[in-house]
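Here's a quick tour of a protein model, starting with one piece of it and then stepping back to the whole. Have a look at the structure first.

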Amino acid sequence: MRHILVGVSGASGMPLAVRLLTLLQGMPNVSTHCIVTDGAAKVLREECHAGPEYLTSLADYAYAADDLAAGPSSGSWWRRNSNHCAMLLVPCSMGTLGALASGATRNLVQRAADVALKEGLPLVLVTRESPLSAIHLRNMLTLRQAGAVIMPFSPGFYLHPQTLDEVLTHACGRIFDQIGLAHDLGRWQGVS
Ligand SMILES: Cc1cc2nc3c(=O)[nH]c(=O)nc-3n(C[C@H](O)[C@H](O)[C@H](O)COP(=O)(O)O)c2cc1C
């Protein structure tokens, strides 16, 4: 069983989080855990006209962002859930990025990501901001050097997507590639 923790923070891109959790839900041998920050709840209301339960209902397990005593806050929880754990932070706000880069974590999304880093477990940050300040860029470099994958949501157009859903699905496939999760969501095959 592969345990995937999906952290959702308050950046624009909630439809991507919804698509990602929906796809994970349909995968065999994958167990999903979800944490939604207060900031994410606000953006979700704007972008999907829904409350946080819309996201958490798509996961097998959900944790409150202010519950720093919940399992994902500790390295032993990650280890108990086997060495096949990974965390996807989708979307990752610049606020959460900054907290992670400084190590001053304040909620369960930040703490869980901090634990993933210290335990050397896969952590993918799907960042959403433009343009980027020197502070954002420095934070990204710091986290890359600490072992995280920095993966700005950058749609590919080479598969000729016709709908937003196709754009999101392709992006999810590329995120799954980063943690070695097998999928059949489309991949560039080259031109020759
Ligand atoms: C509608 C809306 C869209 C936002 N989009 C972004 C964004 O794309 N990137 C970002 O870094 N912050 C964005 N923010 C600001 C964050 O939500 C805010 O900094 C928040 O405190 C982040 O907290 P969190 O990381 O704990 O969720 C947005 C806020 C709102 C209300």
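## A helix on the inside

Let's start with H6, which is largely enclosed by the rest of the structure, because nine of its 12 residues are buried. Keep in mind that this is a predicted model.

Which residues of H6 are buried? They are Leu-108, Val-109, Gln-110, Ala-112, Ala-113, Asp-114, Val-115, Ala-116 and Leu-117. So the list holds Gln-110 and Asp-114 alongside leucines, valines and alanines.

As for its length, helix H6 covers residues 108–119, and at 1.5 Å a residue it should span 16 Å. Its end C-alpha atoms are 16 Å apart, so the helix agrees with that expectation.

## The layout

Stepping back, the protein has eight helices and six strands. Reading from the N terminus, the order goes β-α-β-α-α-β-α-β-α-α-β-α-β-α.

Contacts reach a long way along the chain: of those with a separation of 6 or more, 76% are between residues 24 or more positions apart.

## Overall size

What radius of gyration would a compact globule of 192 residues have? It would be near 16 Å, and the protein has 16 Å, so the two agree. Along the principal axes, the C-alpha atoms fill a box of roughly 50 × 40 × 35 Å.

## Surface and charge

Across the protein, 51% of the 192 residues count as buried. The exposed area comes to about 9,200 Å², with carbon and sulfur atoms supplying 52% of it.

On the charge side, there are 14 positive and 14 negative side chains. The centres of those two sets lie 8 Å apart.

Note on methods:
Residues numbered from 1 in each chain as written. Predicted model: local features only at pLDDT ≥ 70, side-chain atom pairs only at ≥ 80, totals over all residues. Heavy atoms only, no water. Helix = DSSP H or I, 4+ residues; strand = E, 2+ residues; numbered from the N terminus. Rg over C-alpha atoms; globule rule 2.2 N^0.38 Å. Buried < 20%, exposed > 50% of the residue type's maximum accessible area, 1.4 Å probe, protein only. Contact = heavy atoms within 4.5 Å. Areas by Shrake-Rupley, 256 points an atom, 1.4 Å probe, with all protein chains shown as cover. Lys, Arg positive; Asp, Glu negative; His and termini not counted. Charge placed at Lys NZ, Arg CZ, Asp CG, Glu CD. Expected span 1.5 Å × (residues − 1).
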